[in-house]
Amino acid sequence: MITKNPFVEIVSTGRFLPEHVVTNRDMESIVETTDEWIFERTGIRERRIAPPEMTAADMGTAAARIALERAGLEPADVDVLIVSTATPDRLLPATACDIQALIGATKAVAFDVIGACTGFLYGLTVAEGYISTGRGEIALVIATEKLSAIVDWEDRATCVLFGDGAGAAVLRSSEGERGILGTHHQSDGTLADLLYRPAGGAAIPMDEEVLRNRTHLLRMSGREIFKHAVRAMADSSGKALERSGWELEDVDLVFPHQANIRIIKATARYAGLPMEKVFVNVDRYGNMSSATIPVAMDEAIEEGRLHPGMNLLLVAFGAGLTWGAMTVRW
Ligand code: ACO
């Protein structure tokens with residue numbers, strides 16, 4: 001049995017999803033695709049798309065306000081505000097600073113983590129570190145993603161996969177033994193080119209050629225990503241369980257990153273986890289990068305699927321490559 005002093009728990013969550021639903025049938029009028037192709041290959045039926053004027057900071061702010069209210073806290077109570085996003089509103093400064101200003105988290109330190117789809121788990125781990133070492137009492141971890149702004153809407157192999165949304169969680173130290181137990185995180189930068197935006201950063205700044213070649217938009221080697229994702233998430237799950245002193249049977253509910261139902265099912269099979277224990281909502285939102293796990297957790301709470309004492313496994317994989325798993329006693 002793992003012991004920690006103190007345990008750091010997720011006390012509340014919140015989510016925000018843009019209203020506008022884009023179905024697979026709608027996608028048929030944007031690129032050459034079919035509802036059947038998308039659903040069979042990915043399990044996605046529809047996704048939410050934010051209007052042009054709505055930013056990642058706006059969505060993150062909405063999710064954060066709900067999480068804070070449910071925790072009975074004011075924005076000014078937050079000591080550390082961490083934002084995970086692959087779609088920052090601006091390259092500089094951090095979107096966390098924008099959200100800090102929008103909600104009025106006046107005493108917080110605010111910064112972004114760039115862990116792509118794994119970013120929410122990385123954010124939780126950093127927050128846990130702040131709290132468990134006494135550097136702060138209240139942490140707010142927000143994952144907010146406006147993937148619609150960076151996908152290539154002319155590339156049918158990627159644009160059908162993604163959606164927009166945000167989730168947030170408030171963390172503080174636990175009186176008892178609830179909270180984050182074991183974590184395993186890993187990255188492999190040698191495989192960065194499997195999922196990336198080639199240009200638009202400081203290496204290849206935006207210019208007319210970049211715009212013409214659309215190299216500022218998301219590029220992905222889907223099959224390779226699929227293969228690595230399944231192995232890495234299964235491996236990471238096993239390691240996080242081992243670090244928690246848990247067996248597979250001890251897990252009550254799994255929150256996998258929601259990229260694709262085939263990846264989720266293959267990972268569950270590979271890791272030995274029955275699908276009855278796996279939370280799935282990819283059909284309604286597509287891949288919202290790091291926002292998928294907090295949105296899923298928030299929905300599970302609302303549906304009454306989370307009860308005190310349950311053992312949770314969170315597991316994710318994304319660009320970088322990055323991946324990780326975390327066990328949580330709810
Ligand atoms: N509609 C119709 N046909 C399509 C579409 C589409 N939207 N997209 C691609 N195709 C075609 C291709 O052009 C190809 O045609 P061809 O055989 O004539 O060349 C054919 O379908 C097969 O393409 P593949 O890319 O080989 O299809 P695959 O079976 O690998 O499925 C998919 C593609 C769904 C992207 C799959 O590789 C996958 O899920 N990969 C994981 C990617 C992912 O989820 N990334 C998210 C980011 S990382 C993360 O979050 C884990």
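How much area do domain 1 and domain 2 bury between them? I took this as the opening entry, working throughout on a predicted model.

**Entry 1. The domains and their interface**

I began with the domain assignment of the protein chain, which gives domain 1 (8-177) and domain 2 (181-329). I then looked up the buried area: domain 1 and domain 2 bury about 3,800 Å² between them. Of this area, 59% is on carbon and sulfur atoms. On the side of domain 1, I noted that Arg15, Cys117 and Leu121 lose the most area to domain 2. Together these residues account for 18% of what that side buries.

For contacts, I found 49 residues of domain 1 touching 45 residues of domain 2. The centres of the two domains, taken over C-alpha atoms, are 14 Å apart.

**Entry 2. Salt bridges**

I next asked how many salt bridges the structure holds, and how many are counted between domain 1 and domain 2. The structure holds 16, and the count between the two domains is seven.

I looked at two pairs individually. The side chains of Arg15 and Asp298 form a salt bridge at 2.7 Å, N to O. I recorded that this pair links distant parts of the chain, with Arg15 in strand E1 (residues 8-16) and Asp298 in helix H11 (residues 292-302), 283 residues apart. Arg15 had already appeared in my first entry, among the residues of domain 1 that lose the most area to domain 2. The second pair is Glu302 and Arg70, whose side chains meet in a salt bridge at 4.0 Å, N to O. I set this value beside the cut-off, which asks for a nitrogen within 4 Å of a carboxyl oxygen.

**Entry 3. The largest pocket**

I turned to the open spaces. The largest pocket holds about 990 Å³ of space. I counted 40 residues in its lining, and those nearest the centre are Ala86, Thr87, Pro88, Ile150 and Arg197. By class, the lining of the largest pocket consists of 26 nonpolar, nine polar and five charged residues.

Where does the largest pocket lie with respect to the domains? Domain 1 and domain 2 both give residues to the lining, so the largest pocket lies between them.

**Entry 4. The second largest pocket**

I put the volume of the second largest pocket at about 650 Å³. It is lined by 30 residues, with Ala157, Leu161, Met220, Gly222 and Asn260 closest to the centre. I listed the elements that give two or more residues to this lining: helix H2 (35-42), helix H6 (156-159), helix H8 (222-244), helix H9 (261-271) and strand E12 (311-318).

Which element gives the most to the lining of the second largest pocket? I found that H8 does, with six residues. The classes in this lining are 15 nonpolar, nine polar and six charged residues. I also noted that the second largest pocket lies between the domains, because domain 1 and domain 2 both give residues to its lining.

**Entry 5. The cavity**

I searched for enclosed space and found one cavity of 30 Å³ or more. The largest cavity has a volume of about 70 Å³. I read its lining as Met233, Val254, Pro256, Ile264, Thr267, Ala268, Leu273, Val278 and Val315. Strand E11 (253-256) and H9 are the elements that give two or more residues to this lining, and H9 has the largest share with three. Eight of the lining residues are nonpolar, one is polar and none is charged. I noted that H9 also gives residues to the lining of the second largest pocket.

**Entry 6. Backbone geometry**

I closed with the backbone. Which peptide bonds did I record as cis? One is the bond from Leu92 to Pro93, with omega near 0°. Pro93 sits in the loop between strand E4 (80-84) and helix H4 (95-103). Another is the bond from Gly320 to Leu321, with omega near -10°. I placed Leu321 in the loop between E12 and strand E13 (322-329).

I also checked phi at Ala116, which is positive, about 50°, although Ala116 is not a glycine. Ala116 belongs to the loop between strand E5 (109-113) and helix H5 (119-132).

Definitions and conventions:
Residues are numbered from 1 along each chain as its sequence is written. This is a predicted model: local features need pLDDT of at least 70, side-chain atom pairs count only at pLDDT 80 or more; totals for chains, interfaces and linings use all residues. Side-chain values use heavy atoms; hydrogens and water are left out. On a 1 Å grid over the protein atoms alone, a cavity is a set of points where a 1.4 Å probe fits but cannot get out, and a pocket is an open set with protein on both sides within 12 Å along at least five of seven lines; lining residues have an atom within 4 Å of a point. Grid points are joined across faces, edges and corners, and a volume is the space filled by probe spheres set on the points. Ala, Val, Leu, Ile, Met, Phe, Trp, Tyr, Cys and Pro count as nonpolar, Asp, Glu, Lys and Arg as charged, and the others, Gly among them, as polar. Domain bounds come from an automatic or database domain assignment. Helices (H or I, at least four residues) and strands (E, at least two) are DSSP runs, numbered from the N terminus. Contact means heavy atoms within 4.5 Å. Buried area is the accessible area (1.4 Å probe) that two parts lose on being put together, summed over both.
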